Amino acid sequence: MPSQVLLNLYADWIELLKQDLQRRGYAVPSNEPAEQIAFKHANVKLRDIEAIPRLVLRASGFSCPQQYDAALQEIARKATTGEPLTPHLSRRLLDLNFNDRLINDWGIHHLHLGDVVEGDGFIKRTGPLLFALVQPQRFLMIGILPHDSWTDEHLMETVLSNWPDELQRFEMKGVIGLASPVSPAERAKLRAANVGIPLQLSNGKVYVPPGGGPATSGISSRIVQREIHWRHTLRNVEEFIRSNLHVFSASMPPEIRFADPPHFRLVARQGDTLWLREEGSGHHFRLPLS
């Protein structure tokens with residue numbers, strides 16, 4: 001078997017992310033560092049809402065002003081059927097460098113309740129906003145609040161009273177309370193300084209930021225952690241390929257041969273499955289990660 005294998009799966013992955021950003025209409029500088037491409041791509045996906053069907057639930061006592069009822073029903077319909085909700089989101093989604101502090105801190109999206117689609121594809125802005133906790137299978141409507149409610153703890157109190165299980169994994173066990181309460185204005189200043197701070201709710205329990213909190217750069221710390229882990233995963237996959245080249249070779253039809261040296265590229269990722277192509281033969285390999 002060949003002693004050398006050509007592959008750089010992380011570089012391939014970054015190229016796939018760059019192409020996806022460009023397809024979405026974002027301009028990616030040619031000299032953008034690979035790590036920043038990964039961070040920004042993940043940040044766009046975090047701020048957007050994937051168009052998949054979800055169960056829509058409303059918090060107890062949820063109410064909607066009559067003038068926004070039709071828009072709310074349309075959002076609920078789209079969330080139920082899996083239609084895109086992007087037009088209802090902030091226009092700041094167009095800014096590749098924007099960090100949504102509410103999502104990064106509490107994991108909560110806000111949606112606009114207008115009913116007119118403007119020239120850029122976004123719904124006309126409204127004063128009151130729908131605040132929602134968006135999960136892979138559920139769309140939890142927290143409430144309709146004024147536009148400046150970004151640090152209003154009523155949002156998290158509503159999550160606690162309606163879906164307490166959503167906060168259990170964030171509880172700081174053994175912590176009996178914060179030394180002093182954090183006002184909405186103080187929380188806004190801390191967010192602006194990219195400082196994550198725990199949250200104490202009316203049940204007396206203290207929680208780490210459900211959104212993960214910001215990294216020092218302002219991007220979600222969860223994005224940073226996931227991308228670092230993914231980079232290490234790809235390096236481990238490279239070592240697996242180098243050490244098991246005979247397994248890949250044996251799975252190919254006998255008339256097909258690797259290039260000399262073999263040259264593998266990452267061409268797609270579907271969930272926990274990687275698709276690789278050996279450039280010399282053009283043969284594709286499916287590689288599950290779990």
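Glu 166 counts as buried, at 15% relative accessibility. The cut-off for that label is under 20%. This is a predicted model, and every value below is computed from it. The side chain of Glu 166 meets that of Arg 138 in a salt bridge, at 2.7 Å from N to O. Arg 138 sits in strand β4 (residues 138–145) and Glu 166 in helix α6 (residues 165–168), so the bridge ties together parts that are 28 residues apart in sequence. Arg 138 itself is partly exposed, with a relative accessible area of 24%.

## Salt bridges

Side chains of opposite charge can pair when their charged atoms come close. A search of the whole structure finds 20 salt bridges. The table sets out three of them.

| Pair | N to O distance | Citation |
|---|---|---|
| Arg 91 and Asp 120 | 2.4 Å | salt bridge |
| Arg 138 and Glu 166 | 2.7 Å | salt bridge |
| Arg 187 and Glu 153 | 3.8 Å | salt bridge |

Arg 91 and Asp 120 form a salt bridge between two loops. Arg 91 lies in the loop between α3 (69–81) and α4 (101–106), and Asp 120 in the loop between β2 (109–112) and β3 (129–134), so the pair ties together parts 29 residues apart in sequence. Arg 91 is partly exposed, at 25% relative accessibility. Asp 120 is partly exposed too, at 36%.

Arg 187 and Glu 153 also meet in a salt bridge. This pair links distant parts of the chain, 34 residues apart: Arg 187 is in helix α7 (residues 184–192), and Glu 153 is in the loop between β4 and α5 (154–162). Is Arg 187 buried or exposed? Arg 187 is buried, with a relative accessible area of 1%. Glu 153 is partly exposed, at 23%.

Some bridges share partners. In this way Asp 12, Arg 265, Arg 277 and Glu 279 join into one network.

## The four-stranded sheet

Four strands form an open sheet, in the order β1-β4-β3-β2, with mixed pairing. The edge strands are β1 (55–58) and β2, and each pairs on one side only. From one strand to the next, the twist averages 35°. Inside the sheet, β3 and β4 run antiparallel and are joined by 6 bridges. Phe 131 stands opposite Gly 143 in β4.

What do the buried residues of α3 pack against? They pack against β1, β2, β3 and β4. The helix has 13 residues and reaches 18 Å from its first C-alpha to its last, close to the 18 Å expected at 1.5 Å a residue. Ala 71, Leu 72, Ile 75, Ala 76, Lys 78 and Ala 79 are buried in α3. They cover an arc of only 165° around the axis, which puts them on the same side of the helix. An α-helix has 3.6 residues a turn, so residues three or four places apart point the same way. Just after α3, Gly 82 takes a positive phi of about 85°.

## The three-stranded sheet

Three strands form another open sheet, in the order β7-β8-β9, with antiparallel pairing. β7 (264–270) and β9 stand at the edges, each with a single partner strand, so one side of each is left without a neighbour in the sheet. Neighbouring strands are turned by 25° against each other on average, direction ignored.

Two helices pack on this sheet. Helix α1 (residues 9–23) touches β7 and β8, and its direction makes about 50° with that of β7. Helix α8 touches β7, β8 and β9, and its direction makes about 50° with that of β8.

How many bridges join β8 to β9? The count is 6 bridges between strand β8 (residues 273–278) and strand β9 (residues 283–288), which run antiparallel. In β9, Phe 285 is the bridge partner of Leu 276, and His 284 is that of Arg 277. Arg 277 also belongs to the salt-bridge network. The hairpin of β8 and β9 has 4 residues between the strands, and Gly 282 there takes a positive phi near 75°.

## A loop residue

Val 208 has its place in the loop between β6 (206–207) and α8 (221–243). It is partly exposed, at 33% relative accessibility. Leaving aside neighbours within four places in sequence, Val 208 is in contact with Phe 170 and Met 172. The C-alpha atoms of Val 208 and Asp 100 are separated by 18 Å, and these residues are 108 residues apart along the chain.

Terms used:
Residues are numbered from 1 along each chain as its sequence is written. This is a predicted model: local features need pLDDT of at least 70, side-chain atom pairs count only at pLDDT 80 or more; totals for chains, interfaces and linings use all residues. Side-chain values use heavy atoms; hydrogens and water are left out. A salt bridge is a side-chain nitrogen of Lys or Arg within 4 Å of a carboxyl oxygen of Asp or Glu. Buried means under 20% relative accessible area, exposed over 50%, partly exposed in between (1.4 Å probe, protein chains only). Two strands pair if DSSP finds at least two bridges between them. Contact means heavy atoms within 4.5 Å. Axes are lines fitted to C-alpha atoms, for helices over the stretch in contact, and angles run from 0 to 180 degrees between N-to-C directions. The expected span of a helix is 1.5 Å times one less than its number of residues. The arc is that of the directions from the helix axis to the C-beta atoms.
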